Amino acid sequence: MRWASAVAAIVILAIVCVSYAVLSPYTDDPVDEDGGRNDGQGDDGMTDSVILSVDGTDFIVELAGNETSDALLRMLPVTLAMSDLNGNEKYHYLGTSLPTDPYRPGTIEAGDVMLFGDDCLVVFYGTFDTHYSYTRIGHIQDVAGLTDALGDGTVAVTLSETSSADPAERVPGIEG
């Protein structure tokens, strides 16, 4: 009779663990449902790129190819007044929600472009460890000169497409 109680307890514990893993919207582990890394890459591995311009200096951002980067792409071109935070990132609240797929990256790399929450665009120019969750939008290919370009305080950042897209696919842009 004892072994039946032990088996029942193990089965209940297993059901609770599986239910938590399946139903939890946020995870500490950046692994998506198909077992791959939640790095923002689409299933087809294809990415688009955009130009991030700061005071005449252009940087190429390779987009993650996910719903979030696709939604941002439809808003372009846009110029944003980005504020400084912690001497390692610039941020701007978009005023509109984007699709999210948050994960905890552990380490933020200089050049990461992320979404915090569902409406805060963040461009990181420093590398550091974090416990916060973000949705990946993309990464700047070459970060040389990024810190100098972004400078101190608030800066105007323009995001624009590297190629023309069908204007019919665009959604109204956001005000910077």
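A strand here is a DSSP run of E, at least two residues long, numbered from the N terminus. A pocket is an open set of grid points with protein on both sides within 12 Å along at least five of seven lines, and its lining residues have an atom within 4 Å of a point. With those terms, β4 gives the most to the lining of the second largest pocket, with 3 residues. The model is a predicted one.

Start with the whole chain. It has 3 helices and 10 strands. Along the sequence they follow the pattern α-β-β-α-β-β-β-β-β-β-β-α-β. The chain counts 176 residues, and 37% of them are buried. Take the contacts between residues at least 6 apart in sequence: 63% of these join residues at least 24 apart.

Now the barrel. It is closed, has 8 strands and runs β1-β2-β9-β6-β7-β4-β3-β10, with antiparallel pairing. From one strand to the next, the twist averages 30°. Helix α2, residues 67-75, packs on the sheet. This helix touches β1, β2, β3, β6, β7, β9 and β10. Its direction makes about 65° with that of β9.

Strand β1 repays a closer look. It spans residues 49-54 and pairs with β10, residues 155-161, in the antiparallel sense over 5 bridges. Within that pairing, Val54 has Val157 as its bridge partner in β10. β1 also runs antiparallel to β2, and 6 bridges join the two. Here Val50 is matched with Val61 of β2. The hairpin of β1 and β2 has 2 residues between the strands, and Asp55 takes a positive phi near 50° in this hairpin. Strand β1 is mostly covered, with 5 of its 6 residues buried.

Next comes the nonpolar interior. In soluble globular proteins, nonpolar side chains tend to be buried together. The largest nonpolar core of this model holds 29 residues. Leu52, Leu121, Ile140, Leu150 and Leu159 touch the most other members. Helix α2 supplies the largest share of this core, 4 residues. Which residues does Leu159 contact, leaving aside its neighbours within four places in sequence? They are Val50, Ile51, Leu52, Leu72, Leu76, Pro77, Val78, Leu80 and Leu121. Apart from the largest core lies another, of 8 residues, among them Ile108, Val122, Phe124 and Phe128.

The packing leaves some enclosed space. A search of the whole structure finds 1 cavity of 30 Å³ or more. About 40 Å³ of space lies in the largest cavity. Its lining consists of Val50, Leu52, Val61, Leu63, Leu72, Val113, Leu121, Val123, Ile137 and Leu159. Strands β1, β2 and β7 each supply at least two residues of that lining. Leu52, Leu121 and Leu159 appear in this lining, and these three leucines are also among the residues that touch the most other members of the largest core.

Return to the second largest pocket. About 190 Å³ of space lies in it. The lining is made up of Leu85, Asn86, Glu89, Tyr91, Tyr93, Phe116, Cys120, Val122, Phe128, Tyr132 and Tyr134. Which strands each supply at least two of these residues? They are β4, residues 89-93, and β7. Val122 and Phe128 belong to this lining, and both are members of the core of 8 residues.

Notes. Residues are numbered from 1 along each chain as its sequence is written. This is a predicted model: local features need pLDDT of at least 70, side-chain atom pairs count only at pLDDT 80 or more; totals for chains, interfaces and linings use all residues. Side-chain values use heavy atoms; hydrogens and water are left out. Two strands pair if DSSP finds at least two bridges between them. Axes are lines fitted to C-alpha atoms, for helices over the stretch in contact, and angles run from 0 to 180 degrees between N-to-C directions. Contact means heavy atoms within 4.5 Å. A nonpolar core is a set of buried Ala, Val, Leu, Ile, Met, Phe, Trp, Tyr and Cys residues joined through side-chain atoms within 4.5 Å. Buried means under 20% relative accessible area, exposed over 50%, partly exposed in between (1.4 Å probe, protein chains only). On a 1 Å grid over the protein atoms alone, a cavity is a set of points where a 1.4 Å probe fits but cannot get out, and a pocket is an open set with protein on both sides within 12 Å along at least five of seven lines; lining residues have an atom within 4 Å of a point. Grid points are joined across faces, edges and corners, and a volume is the space filled by probe spheres set on the points.
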